[in-house]
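Here are some exercises to work through with the model open beside you. Try each task before reading its solution.

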Amino acid sequence: MKSLFEKILTDQEVLNNPPVLVDIGASGEIHKIWRLIAPHSICIAFDADTREFNISSSENTGYKKLYKINSIVTQEDISQTKFYLTESPYCSSTLLPREKELEEWSFSEKFKVKEEIELNAVTLTSVLEKLGLKRIDWFKTDSQGTDLRLFTSVPEEIQKKAIVAEFEPGIIDSYLGEDKFYKVIEYLEKSGFWLSDMTVKGSKRIKSSLLEKIAGNGLNQKLTEFSLKTSPGWTELTFINNFHNNSARRSLLLGWLFSTILDQHGFALGLTIRDGKVINEPLFAEMHSFSVQKIRNRKFHLRSLILFARLLTDRVFK
């Protein structure tokens, strides 16, 4: 018997137009969470810093189609662009790191520029056109400072119909002219998305030279750095389309599926209802029941944890 996820992914409307997943900056590996939907999805993965991008087609046969493009993605239609290779390949960018400002942070060494090179460049729009794709259903980017401009580089219709959009913008000044956290929040909210998840990450506010002076090198330095408070430096954001202006059946099916994968069961439940009633179709009724059961199970687990905590507290303070 087919699972509910499989029923959605093999629905005729979804089969005719498979989910399109875009991963810009796929260093190391393509988005792990997509493994759940990979066999029925088209994935486009970009990464120009080939020191870390070692994925081959033979290692990724799980996708319906997988396109790997070793070119940098830019907003402008240019053939080549400058690319700054840094000590950490995960910090390499088309934007110049602000080394002076970063000196105040313990992770500043990662941003030191080792080499400035020229890389082939493509626009996301041109790639979509070449592949004959007219939509992006799940957009994920970690482009080190240019996330928002890459999202806005595709036609507005494609932006507004995206179901999930993930970004990793900076909070502190890491790159010259970068798309900061507040700009991403402002634009996505105005574009009909709501913030589903936010994970704040950061570094320690201490110069690496000062850290070395007081703690030396090696393990002692690492332990000293670890003991310091972490301050916000960047954040991982996940947005979901609010569906206020998108009621197409395929979009609702994938919206429910993606929201469920992201553990947003309350929002997923809402997508199965129109005009106060469950959408009159067996598949939507099954989706509705699934979401209700997930929410009830969560409530049961929470209630059990509360009762256990009360019992433990009573025993400790008797």
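Buried here means under 20% relative accessible area, exposed means over 50%, and partly exposed is anything in between (1.4 Å probe, protein chains only). This is a predicted model, so local features need pLDDT of at least 70 and side-chain atom pairs count only at pLDDT 80 or more, while totals for chains, interfaces and linings use all residues. Residues are numbered from 1 along each chain as its sequence is written, and side-chain values use heavy atoms, with hydrogens and water left out.

**Exercise 1. Place Val113 and work out which nonpolar patch it belongs to.**

Step 1: find the element. Val113 sits in strand β6 (residues 113–122). Helices (H or I, at least four residues) and strands (E, at least two) are DSSP runs, numbered from the N terminus.

Step 2: check the exposure. Val113 has a relative accessible area of 30%, so it counts as partly exposed.

Step 3: look for its partners. Together with Leu96 and Leu176, Val113 makes a nonpolar surface patch of about 210 Å². Patches take residues with over 30% relative accessible area and no salt bridge; like charges are joined within 9 Å and nonpolar side chains (Val, Leu, Ile, Met, Phe, Trp, Tyr) within 5 Å. The areas come from the Shrake-Rupley method with a 1.4 Å probe, and for residues only the protein chains shown count as cover.

**Exercise 2. Sort out three salt bridges: which parts of the chain do Asp23 and Lys140, Asp173 and Arg98, and Glu157 and Lys161 join?**

Step 1: set the criterion. A salt bridge needs a side-chain nitrogen of Lys or Arg within 4 Å of a carboxyl oxygen of Asp or Glu. Searching the whole structure this way turns up 17 of them.

Step 2: take Asp23 and Lys140, whose closest N and O atoms are 3.5 Å apart. Asp23 belongs to strand β1 (residues 20–24) and Lys140 to strand β7 (residues 138–141), so this pair ties together parts that are 117 residues apart in sequence. Both Asp23 and Lys140 are buried.

Step 3: go on to Asp173 and Arg98, with closest N and O atoms 3.8 Å apart. Here, two loops are linked: Asp173 is in the one between β8 (164–167) and α7 (181–190), and Arg98 is in the one between β5 (80–86) and α3 (99–102), 75 residues apart. Asp173 is partly exposed at 34% relative accessibility, and Arg98 is partly exposed too, at 23%.

Step 4: finish with Glu157 and Lys161, at 3.4 Å between the closest N and O atoms. These two are four residues apart in helix α6 (residues 156–161), so about one helical turn separates them. Glu157 is exposed at 55%, and Lys161 is partly exposed at 46%.

**Exercise 3. Which residues of α4 are buried, and which exposed residues does the face turned away from them carry?**

Step 1: list the buried set. In helix α4 (residues 124–131), that's Leu124, Thr125, Val127 and Leu128. They span an arc of only 165 degrees around the axis, so they're on the same side of α4. The arc is taken from the directions from the helix axis to the C-beta atoms.

Step 2: turn the helix around. The face away from the buried side of α4 carries the exposed residues Glu129 and Lys130.

Step 3: look past the end. Just after α4, Gly132 takes a positive phi of about 70 degrees.

**Exercise 4. Do the same for α7: which residues are buried, and what covers them?**

Step 1: the buried residues of α7 are Val184, Ile185 and Leu188. Their arc around the axis is only 100 degrees, which puts them on the same side of α7.

Step 2: flip to the other side of α7, where Tyr182 and Lys190 are exposed.

Step 3: find the cover. It includes α5, β8, β9 and β10 (230–241), with contact meaning heavy atoms within 4.5 Å.

Step 4: just after α7, Gly192 has a positive phi of about 95 degrees.
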